[in-house]
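Reader: Please take a close look at a single part of this structure and then set it in context. I should like a connected account, with each cut-off stated where its term is used.

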Amino acid sequence: MLRLLGRMSVLLAALVMTMGTVSVVSAPEAHAYNWTRTLRQGDSGADVRELQIRVAGWAAASASRTALTVDGDFGPATQGAVRRFQGAYGLGIDGVVGPATQAQLNWLEASDGSTRHFNFSEFHSRDGAAFNNGRVGASTVRENVRRLMYKLEAVRKKSGDRAITINSGFRSVSHNAAVGGASNSQHMYGIAADIVISGRSVSQTIGYGQTSGFSGIIRYSTFTHVDSRAEYSYGSSAWYWAI
């Protein structure tokens, strides 16, 4: 769903009538990540880690069991992901994260930490538990879902900006059992989603997922399961593509 608030630095004006005069009151700027430097290969730090989270969905140029490691070190793999991100959004393709690329990265960010086209509520457990009662704490689930959202933003872009429906995101342990999920389902950690892309087939969706760093991809008749199981210590250590 298109997020209209919390995107770039947009000022909203309100007219306030005071003693016959009109004053203009500006709303505060929307939250955005504070990039304090241009980033390039060889850099390291928390800002590089945040960059890697945001471009993780651009891990490969073609179908490949490749995921971008989120480790805070700007190496060749990160540069490649940045270049693909830049190309997709019509930016200069140089692998350097300067003001224009940073602005585009922030355009994808919402004020509550979610992303432009996804809400945290879309990923809540369907039994009303929100992000609680999983295999990890709610704050960890929330961060895992945030990372998942950025990969899904990449999938959405690759699909031609088609809307994505989240059939199932995070599941509490009890909800996972109720729907017959696997005993160690990646849904219980907030690192998986069952998705449908408007106007795109399951096969097409799988193709997008294969370039977006998803280590788990499972074909179903009407939806596609994607997850990042190989990136987390509590996930499966092996890649699993049942496509």
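Author: Helices (H or I, at least four residues) and strands (E, at least two) are taken here as DSSP runs and numbered from the N terminus. The model is a predicted one, in which local features need pLDDT of at least 70 and side-chain atom pairs count only at pLDDT 80 or more, while totals for chains, interfaces and linings use all residues. Residues are numbered from 1 along each chain as its sequence is written, and side-chain values use heavy atoms, with hydrogens and water left out.

The part chosen for the close look is a serine, approached through another serine. S221 lies in the loop that connects β5 (216–219) to β6. S221 counts as exposed, at 72% relative accessibility; exposed means over 50% relative accessible area, buried under 20%, and partly exposed in between (1.4 Å probe, protein chains only). Its C-alpha atom is 9.7 Å from that of S201, a residue 20 places away along the chain.

S228 belongs to the loop between β6 (224–227) and β7 (240–242). S228 has a relative accessible area of 5% and is therefore buried. Its side chain makes a polar contact of 2.9 Å with the side chain of K151. Such a contact is a pair of N or O atoms within 3.5 Å; within protein, one must be able to donate a hydrogen and the other to accept it, and residues adjacent in sequence count only if both atoms are side-chain atoms. When neighbours within four places in sequence are set aside, S228 is in contact (heavy atoms within 4.5 Å) with K151, I191, F214 and S215.

K151 falls within the range of α4 (138–158), and the loops on either side of this helix each hold a residue of note. Most residues other than glycine have a negative phi. N133, in the loop between α3 and α4, is not a glycine yet has a positive phi of about 65°. N133 is exposed, its relative accessible area being 57%. D161, in the loop between α4 and β3 (164–168), likewise has a positive phi, near 60°. With 38% relative accessibility, D161 counts as partly exposed.

Helix α2 provides further buried positions. Its 13 residues, 76–88, reach 18 Å from first C-alpha to last, close to the expected 18 Å; the expected span is 1.5 Å times one less than the number of residues. T78, G80, A81, V82, F85 and Q86 are buried in α2, and their cover includes α1 (46–55) and α3 (99–107). After α2 comes G90, with a positive phi near 70°.
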